[in-house]
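These are my notebook entries on one structure. I looked up its pockets, disulfides, ligand contacts, cavities and a few backbone details in turn.

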Amino acid sequence: MIVRLALVLAVLLVVPAVLAGERSGAAPMARGYNGLAATPPMGWNDYNAVGLDVTEDLVRRTADTMVSSGLRDAGYRYVTIDDGWMAARRDADGNLQPDPARFPHGIAALAAYLHARGLEFGIYADAGVHTCGGLPGSLGHERADADRFAAWGVDYLKYDNCYAGPGCAANSCPDGTEQPARDRYARMRDALLSTGRPIVFSICSWGTGDVARWAAGYGNLWRTTGDITATYASLVSIFHQTVGLGDHAGPGGWNDPDMLEVGNGMTAVEDRTELTLWAALAAPLMIGTDLVHARPETLALLANPRVIAIDQDPLGRPARPVSSANGLDVLSRPLAGGDTAIVLFNETDQPATIATPAPGRTATDVWTGATTTTNGALRATVPAHGAMLYRIAG
Ligand code: GLA
C-alpha cells in the first residue's frame, strides 16, 4: 500500500513540482516524506476566532465566504476544525465521533460540503491521552483514528501534544512517564500513510524537543512556539523564535509559527507586519479570524497576490536574518528564478530608517506593487511596528 501510494504521489505531486522548477530555472523537489506540501499549506482554522466552540454551521458559512471573497482562489484551500469538534467519549466501537449538537450532519457530510466547493478538509486530534481541551486523545488508537479520518475525507491533520501519556497533565508529565513525542508522531505518520489517502500532517508540539531538527521526516509542518495571541508582543516573540530555523524547512516540511491573528484586534500596521514576516519565513498561512464578519480591509490584506507569491515561492527557502540590532531587522529570502525578497522590519515604537544593500537594480514594493530603481541600496522610513517587503529583480 505504501509503495503504491508513493508511486501515485510521485506522479501527482513531485512531477509537477519538478516541471515548475524547470520553468523557473530552480530545482524545487518536494523532499517531504509523503510528497505533500511542496509549498506551505494555506487555509483557515477556527481556533484563534472561536476557541473550542467550532460548529459545522460556522465552517459552512466560512467556506462560502472563502469562495465568494476570492480567498479560495487566492490559494487558501485547507479548512480545518480545531479542538472541540469531538464528543466527550468514543463510541461503543472505540471510534472518535463528533459532538452531535455541534455537528448534527456528521463529519463526512462536512468534508463533502467543502470538497464540492474546491476546498480541502482538515481536522484536529491529539498525540496523547486527551486533547488540550480534554476530549479523547489518539494515543493507542492511531490506526483506527487514521482510518476513520481517511474514510471521512480528511485531507489535513493537525496533531496536538497535550496529556502526553497516562498520568500526565496537559503540558507536563511526572518524571519518566512521558512517551517521546517523536515516537508518538511517528505512529500517527505511519497510520496516515497506511490509509493510502494523501493527508497533510501538521505537528503541533509547540517547538519543544528541538522539533524543527527532526520533524521533516515526520510531518509537513511543525509548530515552532507556544500558542500565538492577537498581540504585537506575541508576534515579535514568535518571529524571533522562528527566524533562525530556516535551514530545517523547505518543500514538503515547513516551520509553523502558528496561525494568523490578522483581523483579530492588532493595528492595521501590525496585521500587515504579521503577513510580511510569515510570507518571508515561508510559513503556512492559516487564517485565524472570523471571515464571515471580517472587514474588507482584512480580506484585502489576506488576498494580496504578490505577498502570497512570496510565501508560496516554489524554491521554498525561508528568509535568513541579514542583520538585527536595536529592534531593526533585515531579512533576505532567495526566490525561484533569481529574484530576492527583502524585509525591513522596525520592531520599535518609533518610526525608523532602515537601509541595506540591494542585490539588484529594480525593487518592487510587494504590498503596493510600486517599482523603483535601487541604485544598489534599499532605504526606507518604516513606521513603528511596521515591515516593508520588497522583491528585487535578479
Ligand atoms: C493547543 C494548540 C492550539 C490549539 C489548542 C486547542 O494549545 O497549540 O493551537 O489547537 O491546543 O485546545
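**Entry 1: the second largest pocket.** I began with the term itself: on a 1 Å grid over the protein atoms alone, a pocket is an open set of points with protein on both sides within 12 Å along at least five of seven lines. I also noted that the model is predicted. I then looked up the second largest pocket and found a volume of about 250 Å³. Its lining consists of 21 residues, and those closest to the centre are Tyr47, Cys132, Asp160, Trp206 and Asp227. I asked which helix and which strand each supply at least two residues of this lining. They are helix H2 (47-50) and strand E4 (156-160). Sorted by class, the lining holds 10 nonpolar, seven charged and four polar residues.

**Entry 2: the ligand.** Next I listed the residues around the ligand. There are 13 of them, and the closest are Asp82, Asp83, Lys158, Asp160 and Asp227. Asp160 and Asp227 were already in my notes, since both are among the residues closest to the centre of the second largest pocket. I then looked up individual polar contacts. In Asp227, a side-chain N or O atom is 2.5 Å from an oxygen atom of the ligand. For Asp83 I recorded 2.8 Å between a side-chain N or O atom and a ligand oxygen. Trp206 places a polar side-chain atom 3.0 Å from an oxygen atom of the ligand. Trp206 also belongs to the residues closest to the centre of the second largest pocket.

**Entry 3: disulfides.** How many disulfides does a search of the whole structure find? I found two. One of them joins Cys132 to Cys162, with 2.1 Å from S to S. This pair links distant parts of the chain, 30 residues apart. Cys132 sits in the loop between strand E3 (120-126) and helix H6 (142-152), whereas Cys162 sits in the loop between E4 and helix H7 (181-195). The angle about the S-S bond is 95°, and the link of Cys132 and Cys162 is right-handed.

I then asked whether Cys162 is buried or exposed. Cys162 is buried, because its relative accessible area of 3% falls under the 20% limit. Cys132, in contrast, is partly exposed, at 31% relative accessibility.

Another disulfide is formed by Cys168 and Cys173, whose sulfur atoms are 2.1 Å apart. The link of Cys168 and Cys173 is right-handed, with 110° about the S-S bond. Cys168 is buried, with a relative accessible area of 9%. Counting bonded cysteines along the chain, I wrote the pattern as 1-2, 3-4.

**Entry 4: Cys204.** Why does the sulfur of Cys204 form no bond with the closest cysteine sulfur? That closest sulfur belongs to Cys132 and is 6.8 Å away, which is too far for a bond, because a disulfide requires sulfur atoms within 2.5 Å. Cys204 is buried, at 2% relative accessibility.

**Entry 5: cavities.** I turned to enclosed spaces and counted two cavities of 30 Å³ or more. The largest cavity has a volume of about 100 Å³. Its lining includes Asn45, Thr80, Tyr156, Lys158, Arg223 and Asp258. Lys158 thus appears again, as it is also among the residues closest to the ligand. E4 and strand E6 (221-223) each supply at least two residues of the lining of this cavity. By class, I recorded five nonpolar, four charged and three polar residues in the lining of the largest cavity.

**Entry 6: positive phi values.** I then looked up residues with a positive phi that are not glycine. Ala37 has a phi of about 55° and lies in the loop between helix H1 (2-24) and strand E1 (42-45). At 14% relative accessibility, Ala37 is buried. Ala282 has a positive phi near 55°. I located Ala282 in the loop between helix H10 (268-280) and strand E8 (285-287). Ala282 is buried, with a relative accessibility of 0%.

**Entry 7: Pro314.** My last entry concerns the loop between helix H12 (305-311) and strand E9 (320-325), where Pro314 is found. Pro314 is partly exposed, at 29% relative accessibility. I looked up the C-alpha separation of Pro314 and Pro40 and found 9.6 Å, although these prolines are 274 residues apart along the chain.

Note on methods. Residues numbered from 1 in each chain as written. Predicted model: local features only at pLDDT ≥ 70, side-chain atom pairs only at ≥ 80, totals over all residues. Heavy atoms only, no water. 1 Å grid on protein atoms, 1.4 Å probe; cavity = no way out; pocket = protein on both sides within 12 Å on 5 of 7 lines; lining within 4 Å. Points joined across faces, edges and corners; volume = space filled by probe spheres on them. Helix = DSSP H or I, 4+ residues; strand = E, 2+ residues; numbered from the N terminus. Nonpolar A, V, L, I, M, F, W, Y, C, P; charged D, E, K, R; others polar. Buried < 20%, exposed > 50% of the residue type's maximum accessible area, 1.4 Å probe, protein only. Near = heavy atom within 4 Å. Polar contact = N/O pair within 3.5 Å; in protein donor to acceptor, adjacent residues only side chain to side chain.
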